[in-house]
Amino acid sequence: MFSLSLNLPKYMSNSLVFSSGEVAKQANGSVKVSFGDTVVLVTACMSREPREGVNFLPLTVEYRERTYAMGKIPGGFIKREGRPKDSEILCARLIESCALVVSDIPFFTPLGAVRVCKVDGRLIANPAYQQREKSSFDIVVAGTKERIVMIEAGAKEASEADIASAIEYAHEVIKEIVKTQESIRDKAGKNKKEFSPNKIDSEVLKVVKDKASSHMESIYTIADKEERETAISRVISEIEDLFSDKEDITSDVIKDAFCEIEKEYVKLRILKDGLRPDSRAIDEIRPIDCKVNALPRTHGSAIFTRGQTQSLSVITLGTSSDEQTIEALEGEMSKRFMLHYTFPPFSVGEVKPMRGPSRREIGHGALAEKSLLPVLPDREEFPYTIRIVSEILESNGSSSMATVCAASLALMDAGVPIKAQVAGIAMGLVQNASEYKILTDIAGLEDHYGEMDFKVAGTRNGITAIQLDVKNEGLSIATAKETLLKAKEARLSILNKMDETLSSPRDRVSEYAPKIKSIKIDIDKIGEVIGPGGRTIRKMSREHNVTIDIDDDEGRVFVVAEKEEDLAKAVDEIVILTRDISVGDIYDAKVVKITNFGAFCDLAPGKSGLLHISELSDKFVKDVRDFLKEGDIVRVKVVNVDAQGKITLSKKQAE
């Protein structure tokens with residue numbers, strides 16, 4: 001067993017401890033990593049035989065949490081962990097593993113990852129949950145000693161400068177983490193297995209290149225994705241005919257060779273001539289079209305189209321009972337905002353069965369959700385549960401950022417008082433040994449053949465979310481900074497276009513949405529709203545045709561109705577019921593009992609007062625029944641509340 005501790009007091013409050021050789025020794029590589037009381041076991045395994053027909057590295061990461069880690073037993077009927085939760089899938093997408101470094105798997109470059117927040121003006125590495133909540137951003141950065149390979153961030157309209165400084169800070173920590181991994185590799189690492197990547201036969205490559213090169217220029221004058229793919233299929237079919245007498249040269253080999261030629265052509269065309277596959281300029285955004293109120297009976301909807309990528313986003317507003325309950329290691333929590341991203345196969349013209357959400361769909365939905373969360377109103381201002389569904393109707397790159405734009409418009413169409421409009425853009429990179437170009441608004445082909453997919457979402461005031469992945473050895477800090485600034489220019493341009501369609505939230509929610517009002521009351525008054533055995537709350541619900549929910553912890557009452565008038569009546573009654581009765585208050589009271597000396601009137605459920613005969617009128621009153629009958633609503637004024645809480649009312653002083 002070998003153990004190594006990384007203690008960086010400048011960056012982290014706890015030591016990061018790596019150990020290997022104690023457990024899971026039959027895996028190709030395994031490490032136990034501790035940070036304070038948080039412990040993870042990471043293992044890496046490689047199949048013993050190569051998979052036939054696979055021309056890429058199918059690296060899959062699984063991340064699972066066990067409730068015993070927090071001394072808990074799983075909830076539900078089965079009492080054991082089930083399928084991965086969304087949070088576990090999202091974590092799996094972030095993992096960079098030391099286990100690969102110490103294994104015999106031919107993975108040679110150590111990677112480090114760190115989370116960074118900013119609290120009270122100070123950058124903090126691997127912060128606690130409380131610190132993350134206070135921070136203006138929450139960013140996870142992974143990289144090598146030289147470059148950045150991944151960024152995942154959520155922010156509260158943070159500036160590009162703040163994000164850039166966090167990336168720089170994170171990279172300093174990453175360098176130290178990588179040094180530690182190199183040390184543990186030198187002490188406990190296994191010898192790497194031999195690996196020779198498959199190469200396309202040079203003769204095949206030459207024939208394909210000779211045939212394909214003459215078609216490339218005409219193919220890349222076609223802007224439409226479908227037409228271009230059809231033209232490519234024709235060329236590949238012609239090349240396949242050239243090899244019809246050679247059984248060992250399969251269709252897959254020819255397609256792989258064509259892709260090599262195509263990649264080389266696309267990159268050279270961009271770097272040399274500044275021409276992209278659809279003939280756009282380097283910083284040009286595809287044509288944008290926006291439409292709101294796309295569906296007549298939903299609570300809010302919008303279609304955002306950018307080139308051949310299109311998102312239909314639909315808003316549904318619900319009550320507190322519609323909140324999602326999440327059982328996590330940190331405890332049970334509820335979620336009032338959900339964004340679900342769907343990518344049906346028809347969006348790219350494919351024939352596939354439609355199953356449950358994929359990892360990609362969960363990841364894209366989480367990114368779009370993170371992008372919009374900072375601009376949502378709090379529960380007190382807007383007491384609705386909000387669900388957004390993004391249906392990708394067409395896709396040719398950057399569908400997650402189209403989702404952000406469509407969802408932002410749909411929220412405003414639904415009358416959700418968001419603080420600002422949000423837009424998203426995906427930036428790309430094409431480079432060779434001596435030069436590079438940053439591409440604005442990448443399409444599918446540029447994502448496929450380019451070096452990065454750098455997604456940035458935000459408002460006019462700042463960034464709300466980032467996601468970066470790369471296909472090269474990583475980005476320099478300088479390139480990351482440059483990309484952030486170019487993304488800002490693009491984002492502002494898109495926001496201008498969106499504002500032409502809808503620039504502010506509608507004045508009210510849809511007529512088809514439930515009507516909800518939130519009332520803050522003294523916690524001590526909750527019992528008065530509920531009443532003995534729940535009689536008061538049931539009576540109000542029945543009489544006004546409303547649903548009433550109470551948050552005991554916050555002292556907040558939520559009233560839900562289908563009609564505005566029913567909502568107003570119920571809210572008024574709760575306000576009257578929970579406010580302290582004071583001398584001078586005016587009420588519309590209900591006469592419930594008449595006596596010879598006056599009438600007893602209900603001011604609110606459980607609160608009544610005496611309207612004495614002498615306070616009925618300025619004129620002489622011989623019989624109360626000449627003026628009132630049971631069931632009448634009469635306007636009265638509170639003229640006295642004695643030490644025992646008895647209330648005296650006056651009709652004549654209220655007139």
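**Exercise 1. Describe the surroundings of Lys437 in this predicted model.**

Solution.
Step 1. The side chain of Lys437 comes to 3.1 Å from the backbone oxygen of Leu271.
Step 2. Lys437 lies in strand E17, which covers residues 436-440.
Step 3. Buried requires under 20% relative accessible area and exposed requires over 50%. Lys437 has 25% relative accessibility, so Lys437 counts as partly exposed.
Step 4. Leaving aside neighbours within four places in sequence, the contacts of Lys437 include Ile270, Leu271 and Ile282, along with Gly428, Leu429 and Val430.
Step 5. Thr479 is 42 residues from Lys437 in sequence, and their C-alpha atoms are 9.9 Å apart.

**Exercise 2. Decide whether Glu152 is buried or exposed, and find its side-chain partner.**

Solution.
Step 1. Glu152 is located in strand E8 (residues 148-158).
Step 2. The relative accessibility of Glu152 is 16%, so Glu152 counts as buried.
Step 3. Not counting residues up to four places away in sequence, Glu152 touches several residues, among them Leu94, Asp138, Lys370 and Gln467.
Step 4. With Gln467, the side chain of Glu152 makes a polar contact of 3.2 Å.

**Exercise 3. Compare the span of helix H5 with its expected value, then describe the helix.**

Solution.
Step 1. Helix H5 (residues 202-219) has 18 residues, so at 1.5 Å a residue it should span 26 Å.
Step 2. The end C-alpha atoms of H5 are 24 Å apart, which agrees.
Step 3. At Ser213, H5 bends by about 40°.
Step 4. At the start of H5, a side-chain oxygen of Asp201 is within 2.9 Å of the backbone nitrogen of Glu203.
Step 5. The buried residues of H5 are Val204, Val208, Ala212, Met216 and Ile219. Their cover includes helix H6 (225-242) and helix H7 (251-273).

Technical notes: Residues are numbered from 1 along each chain as its sequence is written. This is a predicted model: local features need pLDDT of at least 70, side-chain atom pairs count only at pLDDT 80 or more; totals for chains, interfaces and linings use all residues. Side-chain values use heavy atoms; hydrogens and water are left out. Helices (H or I, at least four residues) and strands (E, at least two) are DSSP runs, numbered from the N terminus. Buried means under 20% relative accessible area, exposed over 50%, partly exposed in between (1.4 Å probe, protein chains only). A polar contact is a pair of N or O atoms within 3.5 Å; within protein, one must be able to donate a hydrogen and the other to accept it, and residues adjacent in sequence count only if both atoms are side-chain atoms. Contact means heavy atoms within 4.5 Å. The expected span of a helix is 1.5 Å times one less than its number of residues. The bend at a residue is the angle between axes fitted to the seven residues ending there and the seven starting there.
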